[in-house]
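Thanks for coming. I will go through one structure today, starting with charged pairs and ending with the core.

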Amino acid sequence: MNLIADTDAPRDHRQDLTVPMGDAVPMVHARVLQPNFALTQPEPHVFGLREIARILYRWRWLILVVILAAVTLASVITLLTPPKYRAIASLEITQPAAELIQGSGVQPIALRDPQFLTTQYGLLRSKSLARRVVRSLNLAKNPALAPQNAAPSAREEIATARVAGNFAVLPVATSRLVGISYTSSDPALAAAIANGFADNFIAADLQRKFDATADARRFLQSRIASTKTALESSERALVQYAQSQGLVQVGGGEGGGLEPVRIALRLIQRR
């Protein structure tokens with residue numbers, strides 16, 4: 001048996017087979033189909049509006065229950081949470097001015113220190129200022145800020161920590177203004193503490209300026225006292241010298257006081 005390939009249709013990947021069955025039998029042609037093994041990608045499933053609506057409708061009761069539970073929980077939390085009040089006070093912080101010539105009447109020039117405002121903000125947030133506010137307003141005896149069964153020092157520390165925790169500094173950009181705020185459930189207490197921070201910050205600033213000149217003042221006072229003592233010693237030595245030389249006689253009368261000293265000086269200068 002002979003196989004004859006038919007090449008007339010190579011595009012269909014088919015072959016013709018000729019099978020001889022004898023001299024009297026005609027030729028029989030058969031074609032074999034080649035399978036196509038090309039892989040096909042599945043089409044992606046795209047959710048449309050109809051599909052989303054179908055899912056929402058299917059789970060509508062569960063979604064409704066979840067929404068109602070969330071609204072109920074939020075309402076309960078809102079009703080049980082006490083309201084908070086914030087009191088805000090404003091301060092103007094001015095940098096110190098330097099006088100070029102003292103007593104000349106020239107307008108003082110304000111110093112420009114880029115770290116000055118940052119330093120003032122740090123002083124506002126300091127624990128020492130919060131403790132000063134607690135002491136000035138007697139907040140250690142407030143049950144809302146400190147337990148009254150604790151020791152006085154412990155009450156002051158607890159009240160200071162709570163006051164500092166609810167206090168905030170709010171700088172105003174491109175200005176010398178700064179806002180200070182205090183948050184509390186009592187509006188009157190919030191306003192009192194905010195104003196207390198402002199008042200005590202001003203008082204502390206004045207105290208720092210006073211302390212800055214205290215050393216110079218004490219130095220000047222000590223120099224004045226020593227100069228006065230030296231002057232008195234010089235006067236006594238001069239009078240004693242004038243008396244020993246018989247230049248003057250010190251006694252009562254209208255010429256007492258420094259007059260003998262002046263006379264002795266004139267006599268010594270003449271000699």
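A salt bridge here is a side-chain nitrogen of Lys or Arg within 4 Å of a carboxyl oxygen of Asp or Glu. Please keep in mind that the model is predicted.

With that cut-off, what does a search of the whole structure find? It finds eight salt bridges. I will take three of them one at a time.

One is between E92 and R176, where the closest N and O atoms are 3.4 Å apart. E92 sits in strand β3 and R176 in the loop between β6 and β7, so this pair ties together parts that are 84 residues apart in sequence. As for accessibility, E92 is exposed, because its relative accessibility is 52% and the threshold is over 50%. R176 has a relative accessible area of 46% and is therefore partly exposed.

Next is R135 with E156, with 2.9 Å between the closest N and O atoms. This one also links distant parts of the chain: R135 belongs to helix α4 and E156 to helix α5, 21 residues apart. R135 counts as exposed, at 57% relative accessibility.

The last of my three is R208 with D205, whose closest N and O atoms are 3.5 Å apart. Where do R208 and D205 lie with respect to each other? They are three residues apart in helix α6, so about one helical turn separates them. Both ends are partly exposed: R208 has a relative accessibility of 35%, and D205 has 22%. There is also a network, in which salt bridges that share partners join K127, R131, R135, E156 and E157. For background, side chains of opposite charge can pair when their charged atoms come close.

That brings us to the packing of α4 against α5. The axes of these two helices come within 9 Å and cross at roughly 115°. Is the crossing of α4 and α5 left-handed or right-handed? It is right-handed. On the α4 side the contact is made by K127, A130, R131, V134 and R135. On the α5 side it is made by E156, E157, A159, T160, V163 and A164. If you compare with the network, K127, R131 and R135 from α4, and E156 and E157 from α5, appear in both lists.

Now the backbone. Most residues other than glycine have a negative phi. Two residues to look at here are N138 and T174. N138 is not a glycine, yet it has a positive phi of about 55°. N138 is found in the loop between α4 and α5, and it is partly exposed, with a relative accessible area of 42%. T174, also not a glycine, has a positive phi of about 55°. T174 is found in the loop between β6 and β7, which is also the loop that holds R176. At 87% relative accessibility, T174 counts as exposed.

Two polar contacts from side chain to backbone come next. R60 lies in helix α2, which covers residues 60-80. The side chain of R60 reaches the backbone oxygen of Y57 at 2.7 Å. R60 itself is partly exposed, with 34% relative accessible area.

The other contact involves S184, in strand β7. Is S184 buried or exposed? It is buried, because its relative accessible area is 10% and buried means under 20%. Its side chain reaches the backbone nitrogen of D186 at 3.2 Å. Beyond its neighbours within four places in sequence, S184 is in contact with P83, K84, Y85, L189 and A190.

Finally, the core. In soluble globular proteins, nonpolar side chains tend to be buried together. The largest nonpolar core in this model has 28 residues. Which of them touch the most other members? They are L124, L139, V163, I180, Y182, I193 and F197. At least two residues of this core come from each of β3 (85-92), α3 (116-124), α4 (127-137), α5 (152-165), β6 (167-171), β7 (177-184) and α6 (187-212). Helix α6 gives the most, with seven residues.

Take L124 as an example of what such a residue touches. Leaving aside its neighbours within four places in sequence, L124 is in contact with L91, L129, F167, V169, V178, I180, F197 and F201. Among these, I180 and F197 are also on the list of residues that touch the most other core members.

That is the end of my tour, and I am happy to go back to any part of it.

Key: Residues numbered from 1 in each chain as written. Predicted model: local features only at pLDDT ≥ 70, side-chain atom pairs only at ≥ 80, totals over all residues. Heavy atoms only, no water. Core = buried A, V, L, I, M, F, W, Y, C linked by side-chain atoms within 4.5 Å. Buried < 20%, exposed > 50% of the residue type's maximum accessible area, 1.4 Å probe, protein only. Helix = DSSP H or I, 4+ residues; strand = E, 2+ residues; numbered from the N terminus. Contact = heavy atoms within 4.5 Å. Polar contact = N/O pair within 3.5 Å; in protein donor to acceptor, adjacent residues only side chain to side chain. Axes fitted to C-alpha atoms, helices over the stretch in contact; angles between N-to-C directions. Left-handed = near helix turned anticlockwise from the far one by under 90°.
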